[in-house]
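Okay, thanks for making time, everyone. Let me put the structure up, and then I'll walk you through a few spots in the chain.

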Amino acid sequence: MFEKVLVANRGEIAVRVMRACEELGVDTVAVYSEADTNAGHVRYADEAYNIGPARAADSYTDGEAVIEAAKKADADAIHPGYGFMAENADFAARVEETDGVTWIGPSADAMERLGEKTHARQVMREADVPIVPGTTESVEEPEQVREFGEEHGFPVLIKAEGGGGGMGQEVVHSPDEAEDQLETAQREGEAYFSNASVYLERFLDNARHVEVQILADRHGNVRHLGERDCSLQRRQQKVIEEGPSPALTDDLRAKIAEAARRGADAGNYYNAGTFEFLVEDEGRNDDGLLDADSDFYFLEVNTRIQVEHTVTEELTGIDIVKWQIRVAADEELTFEQDDVELEGHAMEFRINAENAAEEFAPATGGGFEVYDPPGGIGVRVDDAPRQGDDLVTNYDSMIAKLITWGEDREECVARGKRALADYDIQGFPTIIPFHRLMLTDEPFLEGRHTTKYLDEDLDPERIDEAQQRWGPGEESAAATADGEVTEREFVVEVNGKRFEVNLEERGAPPIGTASGGASAGSDGSGGGGGGSSGSSSSGGGGGGQTVTAEGERITAEMQGTILSIDVEEGGEVAAGDVLCVLEAMKMENDVVASRGGTVAEIPVAEGDSVDMGDVLCVLD
């Protein structure tokens, strides 16, 4: 077994991996960006190393910085969690080539074979696993999209080869949309996965999303751990996951599970992974279920642990993360396929810092003024924050996961209602009101929702009403302590390694802190730095920008990522011209000029993460 594991991730999944390591007697190392100086996963780890600025490309996805931190810490393994570099075959290969460091995941070769979507489709087809009609080679020209649509019918789905989580997916409803949607998918693929290659699939208009959890070791043992139903999605991103699926007969779920095992064998796959399928939701039997005659198609392989792995753990009692670590240490699975039994029903609710009534817009700031998670029998919470923490908005909006289990689906739902009502988070909006709505929603409770239900069928007014009924009220003002004892916490970094120092002083005023967690001046002003969301007198934008040009400043209305810049400094623009494209929560937003003029300055670049209020362009 390993002695020390570096977790190349953040938030709740980093803590989840560290807890598994602790139970195995393995020390843990955290890496963190400047935005995460005081984050929960940093507190939990035995050691922590700063690997760069807030921007993910300069920290969490900087492979060289992560491996260097592992060397400094003498870590003998790296666990990537999910997101960031978890499905980056090049990074996995670099870890495999690093002396004394083991990659906790499938081999880089397997990731290359099955992580790239077109490669995976080829492997599945050869293994006699049904695939969605589509291309097995990348597509580069709009005419290819039009020709595919003429052959298979519209809509057509364009998908990024390196995609995941709904990123890089665009639906083409008619031939005249082909060029714009192809460019969008390629741009998102390049921005998020450094891979602009895309492929095509027939868009299944009425389908359920069903996935199978796989565990395999290096000794040829492959086990499936049952299926999860992830059909409740908005913009191709899962919101509530559950298992077993409420829509499948036992015969159909057995066929899908066996197809996943066959695919894992064909791909020479080991460690944890998820094989995702689309099941056409047509022609239910007399019991209202989809039977063995229903068509299902391979969608993709996620060559990593999944957000919703918790559902399977609750159903099987198998700790998937521990087995990831054991398999990487060359241990053999100790259970047979017949030993895997699914007991009861489980659901996972993603607790996102989003306002569902505003099209799931992510929170742009705030803090955990109150953080009181639920408990009780059948309730599990995977999280990292604690009360008093700041909300970090530089990354994904998910802050925690709530998982409930019951003897059957009815009891699981009842426990979900109780737990969601007990979950108290104040300081910013969350989608807890939306989850509470869904547990009263008839189509969801009957298991008849499909992947398009939230985007096309659910009445938005019901979401508005839920937000008004169960959303937070006025945010409470932060209390000011007047006691004689002042506790001061300092963070010191020596050669990139983090140390925490706590001091207690009597009769001293409280100390303010700058946004990065460093100590500030005793007057609480932040030592003369910027730090406010507005512009300073020298022309800075939010987030420490330096803007020197005079003129009208076009600022970001939300936190997001710059996908493209459509103008150049010195160029002329007219009112309504697109200046840049900002992506936020799977949606592209055109930032347009409010008037004509000359572009005086562009203080951002493609791929930059920006906060609300950051200056995107200055017009003279």
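Let's start in strand β12, where you'll find Asn271. Strands here are DSSP runs of E with at least two residues, helices are runs of H or I with at least four, and both are numbered from the N terminus. Asn271 has phi near 75°, a positive value in a residue other than glycine. Is Asn271 buried or exposed? It's buried, with a relative accessible area of 0%. By buried I mean under 20% relative accessible area, exposed is over 50%, and partly exposed is in between, with a 1.4 Å probe and protein chains only.

Now hold that against Asn268, which sits in the loop between α9 and β12 (271-280). Phi is positive there too, near 50°, and again the residue is not a glycine. But Asn268 counts as exposed, at 56% relative accessibility.

Quick housekeeping. This is a predicted model, so local features need pLDDT of at least 70 and side-chain atom pairs count only at pLDDT 80 or more, while totals for chains, interfaces and linings use all residues. Residues are numbered from 1 along each chain as its sequence is written, and side-chain values use heavy atoms, with hydrogens and water left out.

The overall numbers, then. We have 16 helices and 30 strands in the protein chain. Of its 620 residues, 54% count as buried. The accessible surface comes to about 26100 Å², and carbon and sulfur atoms own 41% of that; areas come from the Shrake-Rupley method with a 1.4 Å probe, and for residues only the protein chains shown count as cover. If you take contacts between residues at least 6 apart in sequence, 66% of them join residues at least 24 apart. Contact, for this talk, means heavy atoms within 4.5 Å.

Next, β6. Coming into it, the loop between α7 (142-152) and β6 (156-160) holds Pro155. The peptide bond joining Phe154 and Pro155 is cis, with omega about 5°. There's another cis bond from Gly243 to Pro244, omega near -10°, and Pro244 is in the loop between β11 and α9 (250-266).

So how many residues of β6 are buried? Five of its five. In a regular strand the side chains alternate between the two faces of the sheet. In β6, Val156, Ile158 and Ala160 are on one side, Leu157 and Lys159 are on the other, and both faces are covered. β6 also has partners: it pairs with β7 (residues 169-172) in the antiparallel sense over four bridges, and with β8 (residues 198-202), also antiparallel, over five bridges. Two strands pair, by the way, if DSSP finds at least two bridges between them. In the β7 pairing, Val156 stands opposite Val172, and on the β8 side, Ile158 has Leu200 as its bridge partner.

Lys159 comes back when we look at Glu300, in strand β13 (residues 296-302). Glu300 is buried, at 7% relative accessible area. Not counting residues up to four places away in sequence, Glu300 touches Lys117, Lys159, Thr274, Phe275 and Glu276.

On to β19, which is where Met398 sits. Met398 is buried, with a relative accessible area of 14%. Leaving aside neighbours within four places in sequence, its contacts include Glu12, Tyr82 and Val307, plus Arg350, Ile351 and Asn352. Pro362 is 36 residues away along the chain, and its C-alpha is 9.5 Å from that of Met398.

Then there's helix α12, residues 409-422. The expected span is 1.5 Å times one less than the number of residues, so its 14 residues should span 20 Å, and the end C-alpha atoms are indeed 20 Å apart. Which residues of α12 are buried? They're Arg409, Cys412, Val413, Arg415, Gly416, Ala419 and Leu420. Looking down the axis, those fall within an arc of 165°, so they line one face of the helix; the arc uses the directions from the helix axis to the C-beta atoms. What they pack against includes β11 (237-243), β14 (345-352) and α13 (432-438).

Last stop: an open sheet of four strands, in the order β23-β30-β28-β25, with antiparallel pairing. β23 (552-555) and β25 (572-573) are at the edges with a single partner strand each, so one side of each has no neighbour in the sheet. β23 pairs with β30 (residues 615-619) over four bridges, antiparallel, and Ile554 stands opposite Cys617 in β30.
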